[in-house]
Amino acid sequence: MSIEVAPLDPRIIETLSGISTATLTTVLLKKGLRNVWMRGTRPLKPGQPRLVGRAFTLRFVPAREDLATPASWSNPISTRSAIEAMPEGVIVIADAMGVTDAGIFGDILCARMAKRKVAALITDGVVRDGAGVIGTGLPVWCQGNAAPPSVAGLTFINWQEPVGCGGVAVFPNDVVVVDDDGAVLIPAALVDEVTDLAAEQEAQESWIMGEVEQGAALPGLYPPNAENKARYEASRRKGSPDGRQPPAEEGGGAARARYPRARIKGRRTER
């Protein structure tokens with residue numbers, strides 16, 4: 001519980017907010033990291049925005065009848081105390097061991113998290129009071145809803161220690177990016193490098209998409225061979241932020257709207 005949340009560079013947040021989790025998993029795979037996508041993390045409400053933040057972890061273990069009681073909610077080590085320790089902007093990662101018949105949080109706890117400006121809740125478990133949770137405005141990724149409370153199947157143990165969520169090891173202060181495809185973890189030590197590599201890959205894939213829409217065949221294009229890499233680099237040098245020159249009749253703004261994958265460091269276009 002003593003691990004403090006490190007600040008996250010606003011440039012990192014802005015850049016990663018424009019990069020899909022699909023792109024990030026590919027970049028991380030190239031770095032040798034295969035197990036970074038948290039299984040079972042689905043958006044509770046369609047259309048939730050892509051979010052970026054430091055991981056703030058919660059750990060549950062199987063319920064034990066002498067510990068998992070409604071009275072435990074008043075203990076010093078409880079989900080209530082954990083919520084009061086959550087700083088603004090964190091993404092809460094709750095290790096519920098994949099349990100789907102006991103909701104870890106309901107509307108009141110999620111409302112308090114929203115009031116504290118927590119960015120999101122991600123769990124491999126479920127929540128309860130589903131409509132109420134959505135009504136709090138807190139973005140949630142989980143496996144769905146269940147009526148029983150957490151103590152029906154889980155015992156809360158601690159916060160801000162290493163956990164496993166959706167089969168992924170998550171440490172406090174790792175960085176999490178979450179969107180419609182689920183949640184992806186970036187190890188804290190690799191955040192700067194992965195951010196730069198991912199921004200470049202988004203730009204390159206935007207250029208490739210433009211080539212595909214103009215009728216280009218995939219072999220040698222995706223992934224690009226030496227010739228197409230040279231063409232891409234040449235188009236970058238000409239000044240197109242995403243690696244392509246827009247058609248003359250459209251102009252730069254229209255071209256970026258047409259190809260929503262386009263990503264420029266320090267700027268964002270919606271997917």
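Visitor: What follows H2, and what is its phi like?

Guide: Gly32 comes after H2, and its phi is positive, near 95°. Keep in mind that this is a predicted model.

Visitor: What makes one side of H2 a buried face?

Guide: Start with the residues: in helix H2 (residues 21–30), the buried ones are Thr21, Thr23, Leu24, Val27 and Leu28. Looking down the axis of H2, these buried residues fall within an arc of 150°, so they line one face of the helix.

Visitor: And what covers the buried residues of H2?

Guide: The cover includes helix H1 (10–16), E10, strand E11 (182–186) and helix H6 (191–213).

Visitor: Why is Cys142 called buried?

Guide: Buried means under 20% relative accessible area. Cys142 has 2% relative accessibility, so Cys142 counts as buried. Cys165 passes too, because its relative accessible area is 0%.

Visitor: How do you know that Cys142 is in no disulfide?

Guide: Two cysteine sulfur atoms have to lie within 2.5 Å to be called a disulfide. For Cys142 the nearest cysteine sulfur is that of Cys110, 9.0 Å away, so the pair fails the cut-off. By this rule the count of disulfides comes to zero.

Visitor: What makes E3 "mostly covered"?

Guide: Of the 12 residues in E3, 10 are buried. Strand E3 (51–62) also gives two or more residues to the largest nonpolar core.

Visitor: How do you know that E3 pairs with E10, and in which sense?

Guide: Pairing takes at least two bridges. E3 and strand E10 (residues 175–179) have four bridges, so they pair, in the antiparallel sense. Within that pairing, Gly53 stands opposite Val176 in E10.

Visitor: What about E4 and E3, parallel or antiparallel?

Guide: Parallel, over five bridges. Here Arg59 stands opposite Asp95 in E4.

Visitor: How many bridges join E3 to E7?

Guide: Five, and these two strands run antiparallel. Phe60 stands opposite Phe156 in E7.

Visitor: Which residues have the most contacts inside the largest nonpolar core?

Guide: That core has 28 residues, and the ones with the most contacts inside it are Leu58, Met86, Phe105, Met113 and Leu121. Besides E3, the elements giving two or more residues to the core include helix H3 (79–84), helix H4 (107–115) and strand E6 (140–142).

Visitor: What does Phe105 touch, leaving out residues up to four places away in sequence?

Guide: Among its contacts are Leu58, Met113 and Leu121. Phe105 also touches Thr79, Ile83, Cys110, Val126, Val127 and Arg128.

Terms used:
Residues numbered from 1 in each chain as written. Predicted model: local features only at pLDDT ≥ 70, side-chain atom pairs only at ≥ 80, totals over all residues. Heavy atoms only, no water. Core = buried A, V, L, I, M, F, W, Y, C linked by side-chain atoms within 4.5 Å. Buried < 20%, exposed > 50% of the residue type's maximum accessible area, 1.4 Å probe, protein only. Contact = heavy atoms within 4.5 Å. Arc of directions from axis to C-beta.
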